[in-house]
Amino acid sequence: MHPIILATFFVMSRIAVAMCSAGVAIFLIGVLAAKTEIAQARGLDKIVALTNLCVAVPLAVFGALHLFAPQFVIDIVPAYMPWRMFWVYFVGCGLMAAALSIASKIGVRWSGLLFGIMMFSFVAMIHFPGALRDSHNRILWTIVFREMSFGGAGWILAGNATNGWRGPTKSTLIIVGRILIAIAAIVFGVEHFLHPAGLPGVPLEKQMPAWIPGRVLIDYVTGAALLVAAGSILLARKTRTVATCLGGWILLMVLVIYGPVMIAALSQPGIAVKVEGINYFADTLLFAGAILALASATPRSDVAGSASVPRSIRKTLSPTRTEPSAPD
């Protein structure tokens, strides 16, 4: 290929390369940190062992977008904020730091807490006001609930970390995370039935490619799974099992549907198309991580959640019967 053409391709693809490279690097770090847990896990717990990976990789991808393509992000920063470009880079650095912390399982009590606060701040300052201004736009409301579920996942990771938060603080972080993820699951589940043939998991605007067989069926199955999981979470019945199955299903969708969609986007010449394809992949992977984070913070007993188990019984539960917290 002519050198000029190669140079042009590299310039157009620099942002996509940076985003993908950041995700791959964090993935490798996360695999090294979780390899023992994955090897020792049995059955569905092997899926739960992927929680930190599913959360950390998207954060690295989004962090790279902020750092290498601030022009895609700066318009989201409220106009009243001073030094808008500073905040774009600041958030990018914060996302990269959180990704490294969660992937390596070091300092998760703080990275999860601060990531959650960041997500809730985005909802309060950006997404919720925007949804109120255009209240009939379902995509804006989907983003509101998506970001809230991401923040809830961060708080669950913080509350479930070894040597992390204890007592009422831990309970509050996990309970808030459970409620926010359950609400998002209800909203997303209903959206799948109202707008079938959209990409499954996080129901945004993009539709499933025509080559995928049974597109409507996939959305109906995903919607039903989301609603069942939401009911299980709110009623505290079989939460760990149901959440693990849902997280595994969404992770499967990421691999078999969002993966090819991202690859197709990367083959297109426009950088905006590339970024969109990567963002859809990372968004849905992070939602799968949020569901799995909830599963990881739920006891293996799967009866009614740890909050409803008497203290005397909780003390007698062996470590093999309760969910081990992720190392901090």
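**Entry 1: the surface patch**

I started with the outside of this predicted model, where I found a nonpolar surface patch of about 780 Å². I listed its members as Ile186, Val190, Phe193, Leu194, Val216, Tyr220, Leu227, Leu234 and Leu235. Next I asked which helices supply at least two residues each to the patch. They turned out to be α7 (167-194) and α8 (215-235). The biggest giver is α8, with five residues.

I picked one member for a closer look: Val216, which sits in helix α8. Is Val216 buried or exposed? Neither, as I noted: its relative accessible area is 37%, so I put Val216 down as partly exposed.

**Entry 2: the whole chain**

I then stepped back to the overall fold. I counted 11 helices and zero strands in the protein chain, so my sketch of the pattern along the sequence is simply α-α-α-α-α-α-α-α-α-α-α. Of the 328 residues, 50% are buried. I also looked up the contacts between residues at least 6 apart in sequence, and 72% of them join residues at least 24 apart. For the accessible surface of the chain I wrote down about 15,100 Å², with 72% of that area belonging to carbon and sulfur atoms.

**Entry 3: a salt bridge from α9 to α2**

A reminder to myself: side chains of opposite charge can pair when their charged atoms come close. I found six salt bridges in the structure. One of the six joins the side chains of Arg240 and Asp45, at 2.6 Å from N to O. Where do the two partners lie? Arg240 belongs to helix α9 (residues 239-266) and Asp45 to helix α2 (residues 45-48), so this pair links distant parts of the chain, 195 residues apart.

I checked the cover on each partner too. Arg240 has a relative accessible area of 4% and is buried. Asp45 comes to 17%, which also counts as buried because the limit is under 20%.

**Entry 4: the network at Arg146**

My last stop was Arg146. What does Arg146 form a salt bridge with? One partner is Asp283, with the closest N and O atoms 2.9 Å apart. Arg146 lies in helix α6 (residues 138-160) and Asp283 in helix α10 (residues 271-296), so the pair ties together parts that are 137 residues apart in sequence. Arg146 also forms a salt bridge with Glu147, and there the closest N and O atoms are 2.9 Å apart. I noted that Arg146 and Glu147 are buried, and that Asp283 is buried as well. Through shared partners, the salt bridges join Arg146, Glu147 and Asp283 into one network.

Technical notes: Residues are numbered from 1 along each chain as its sequence is written. This is a predicted model: local features need pLDDT of at least 70, side-chain atom pairs count only at pLDDT 80 or more; totals for chains, interfaces and linings use all residues. Side-chain values use heavy atoms; hydrogens and water are left out. Helices (H or I, at least four residues) and strands (E, at least two) are DSSP runs, numbered from the N terminus. Buried means under 20% relative accessible area, exposed over 50%, partly exposed in between (1.4 Å probe, protein chains only). Contact means heavy atoms within 4.5 Å. Accessible areas come from the Shrake-Rupley method with a 1.4 Å probe; for residues, only the protein chains shown count as cover. Patches are made of residues with over 30% relative accessible area and no salt bridge: like charges are joined within 9 Å, nonpolar side chains (Val, Leu, Ile, Met, Phe, Trp, Tyr) within 5 Å. A salt bridge is a side-chain nitrogen of Lys or Arg within 4 Å of a carboxyl oxygen of Asp or Glu.
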